[in-house]
Each structure stands twice: as structure tokens, then as C-alpha cells.
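Reader: Hello! I am new to this structure and would love a close look at one part of it. Could you walk me through it slowly?

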Amino acid sequence: MVYPPQTLLPLYELAKALNLSRPVVYAHLKKLEEADLVESDLVLDDARAKRIYKAKKFRFEIDNDMIDKLFE
């Protein structure tokens, strides 16, 4: 299934779309949130609370000097 950019999916829908268990997806999302790459919000939907995750904007740059430092 393809989702347009900026689509917000609750954890269970994301796990279903990725064909992974919710605990596995949650563990990875938690690590990404700790790394400040994703953020989550708690929203009410039909009187149920759902945690929605979305990617944060970030910039990643790497050059030859940085690669060299990784292997020192």
C-alpha cells in the first residue's frame, strides 16, 4: 500500500502496512523518537487515544573526511 507524503498513521496501521508486529514497530519508533528523527502525538479518535508518529525534518550530510573518521 502506498501512502501520500504527510499521511499520519497510528501505530497499529503502520505495523499492518509494514507487515510487522506492533511491539517491533514501537521499539524502532521509540529509538527514532529518542534520536529526534520522529515525533509522536496522542490524538482522540472515537473516544480512543491513538499515538500518531510523523517524521521530523532533518538534514544528513557525509563527506570523505567523516567516513575516514569512522574507520580510525
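Is Asp36 buried or exposed, or partly exposed?

Author: Happy to help! This is a predicted model, in which local features need pLDDT of at least 70 and side-chain atom pairs count only at pLDDT 80 or more, while totals for chains, interfaces and linings use all residues. Residues are numbered from 1 along each chain as its sequence is written, and side-chain values use heavy atoms, leaving out hydrogens and water.

Asp36 is partly exposed, with a relative accessible area of 46%; buried means under 20%, exposed means over 50%, and partly exposed lies in between, using a 1.4 Å probe and protein chains only. Asp36 also has a partner: a salt bridge joins Asp36 to Lys56, with the closest N and O atoms 2.5 Å apart. The term salt bridge stands for a side-chain nitrogen of Lys or Arg within 4 Å of a carboxyl oxygen of Asp or Glu. Asp36 sits in the loop between α2 and β2 (38-45), and Lys56 in the loop between β3 (48-55) and α3 (64-70), so this pair ties together parts that are 20 residues apart in sequence. Helices here are DSSP runs of H or I with at least four residues, strands are runs of E with at least two, and both are numbered from the N terminus. Lys56 is partly exposed too, at 27% relative accessibility.

The count comes to five salt bridges by this rule. Among them, Asp45 meets Lys50 at 2.7 Å, N to O; Asp45 is partly exposed at 32%, whereas Lys50, at 13%, counts as buried. Glu39, Asp41 and Lys54 are linked in a network of salt bridges.

Now to the helix that comes before the loop of Asp36. Helix α2 (residues 22-34) packs against helix α1 (residues 11-18) at an angle of about 110°, with the axes 9 Å apart. That makes α1 roughly perpendicular to α2, a label for angles of 65 to 115 degrees. From α1, the contact (heavy atoms within 4.5 Å) is made by Leu11, Tyr12, Leu14, Ala15 and Leu18, and from α2 by Arg22, Val25, Tyr26 and Leu29.

Leu11, Ala15, Val25, Leu29, Val38 and Tyr53 form the largest nonpolar core, six residues in all; such a core is a set of buried Ala, Val, Leu, Ile, Met, Phe, Trp, Tyr and Cys residues joined through side-chain atoms within 4.5 Å. Helices α1 and α2 each supply at least two residues of this core. Leu29 touches Leu11, Leu14, Val38 and Tyr53, not counting residues up to four places away in sequence.

Conventions:
Axes fitted to C-alpha atoms, helices over the stretch in contact; angles between N-to-C directions. Parallel < 35°, antiparallel > 145°, perpendicular 65-115°, else oblique.
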